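Here's a look at how the protein meets its DNA, taken one strand at a time. Have the structure open as you read.

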2 protein chains.
Amino acid sequence: MDTQSVSMRTKLESYRASCGGNLANCPVREVMANLSGKWASLLLLLLAEQPLRFGELRRLVPDISQRMLTQTLRDLQRDGYVRREVFPTTPPSVEYSLTDLGRSMFEPLRGLLQWAEGNHTAVRTARTSYDELVR
Amino acid sequence: MDTQSVSMRTKLESYRASCGGNLANCPVREVMANLSGKWASLLLLLLAEQPLRFGELRRLVPDISQRMLTQTLRDLQRDGYVRREVFPTTPPSVEYSLTDLGRSMFEPLRGLLQWAEGNHTAVRTARTSYDELVR
DNA sequence: CGGTATCCTCGAGGATACTG
DNA sequence: CAGTATCCTCGAGGATACCG
């Protein structure tokens, strides 16, 4: 076994250790669950760019329902990624922005999004070639 | 605007450009969708450690149903992340392993998983403190 | 061993209407 | 403007049984 596979194994065993030996009921899975929704990563991406108001987010993501925008933002706020600030204007305006925790988490998430941005054609290609084989 | 925010804005505008101007129907979202399932990232994590057979994965992830294991593996294979090899033993054995594309994608994904591993307590804390406020 | 096939549940997510 | 409240749909995911 070379040094590379040793270091990889080490990392993963530490991850498995954090799951209490078995992978069911793992805290990492709990965290990932809330980032795995249809809208979470997209909203985080936009908020990483700049703070945005509710209506601005709505316009930027035209196909999100008002209900899911509210709910996803609330979940992100609950997990500590997003801060919600109400300004007593008339009518009231509400601004959403990333917290420090959110910014910290978005760093690796951005890496994944950038991979997706750079490699989605390869994925598409694999997908169609697989579909042709199975037909 | 300092140089940092300039570089950030640049990256994000390139992402938005890859979505054809609007964020609906975005290829990045399409890629992310398949990584966002309940089991995908966990299986990728295990396969990044070493190739594994169907039954081994089942034992490692005790709470996955046979149906979802089959289906998630097929989806990952379809997107080009996972290779499936059948060995003509009796009874037949099937080994799953990461492709080059899968390994490439798992690099940033590992970053996110490691963040989750290192910060799940902070998330938990945020969650309970939020729940106490709302009650 | 490594799957399909079937049936079922439940919750994510959508549509629409209403409100402080 | 920024939400709730309601109702509804649909598909992810589970349980069980069968199969090459």
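Start with DNA strand C: 21 residues sit around it, and A:Arg67, A:Met68, B:Gln66, B:Arg84 and B:Tyr96 come nearest. Keep in mind that this is a predicted model.

What do the atoms of DNA strand C within 4 Å of the protein belong to? Sugar or phosphate takes 56% of them, and bases make up the rest.

Both kinds of partner turn up in the polar contacts. On the base side, B:Gln66 puts a polar side-chain atom 2.4 Å from a base nitrogen of DNA strand C. On the backbone side of the DNA, a polar side-chain atom of B:Arg84 is 2.3 Å from a phosphate oxygen of the strand. Chain A joins in as well, with a side-chain N or O atom of A:Ser65 lying 3.4 Å from a phosphate oxygen of DNA strand C. As for secondary structure, the elements that give two or more residues to this surface are α5 (66-78) of chain A plus α4 (54-60), α5 (66-78) and β3 (93-98) of chain B. The largest share, four residues, comes from α5(B).

Now for DNA strand D. Which residues are closest to it? Of the 20 that surround the strand, they are A:Gly55, A:Gln66, A:Arg84, A:Tyr96 and B:Arg67. Among the atoms of DNA strand D that come within 4 Å of the protein, 57% are accounted for by sugar and phosphate.

A base contact shows up here too: an N or O atom in the side chain of A:Gln66 is 2.3 Å from a base nitrogen of DNA strand D. Two phosphate contacts use the protein backbone. A polar backbone atom of A:Gly55 lies 2.8 Å from a phosphate oxygen of DNA strand D, and for a backbone N or O atom of A:Val94 the distance to a phosphate oxygen is 3.3 Å. The elements giving two or more residues to the surface near this strand are α4 (54-60), α5 and β3 (93-98) of chain A, along with α5 of chain B. Here α5(A) gives the most, with four residues.

Finally, here is how the residues of each surface divide by type.

| Surface near | Nonpolar | Polar | Charged |
|---|---|---|---|
| DNA strand C | eight residues | six residues | seven residues |
| DNA strand D | seven residues | six residues | seven residues |

So much for the make-up of the two surfaces. If you want a place to begin browsing, try the base contacts: B:Gln66 with DNA strand C, and A:Gln66 with DNA strand D.

Conventions: Residues are numbered from 1 along each chain as its sequence is written. Chains are lettered from A and ligands numbered from 1 in the order in which they are written. This is a predicted model: local features need pLDDT of at least 70, side-chain atom pairs count only at pLDDT 80 or more; totals for chains, interfaces and linings use all residues. Side-chain values use heavy atoms; hydrogens and water are left out. A residue is near a molecule or strand if one of its heavy atoms lies within 4 Å of it. A polar contact is a pair of N or O atoms within 3.5 Å; within protein, one must be able to donate a hydrogen and the other to accept it, and residues adjacent in sequence count only if both atoms are side-chain atoms. Ala, Val, Leu, Ile, Met, Phe, Trp, Tyr, Cys and Pro count as nonpolar, Asp, Glu, Lys and Arg as charged, and the others, Gly among them, as polar.
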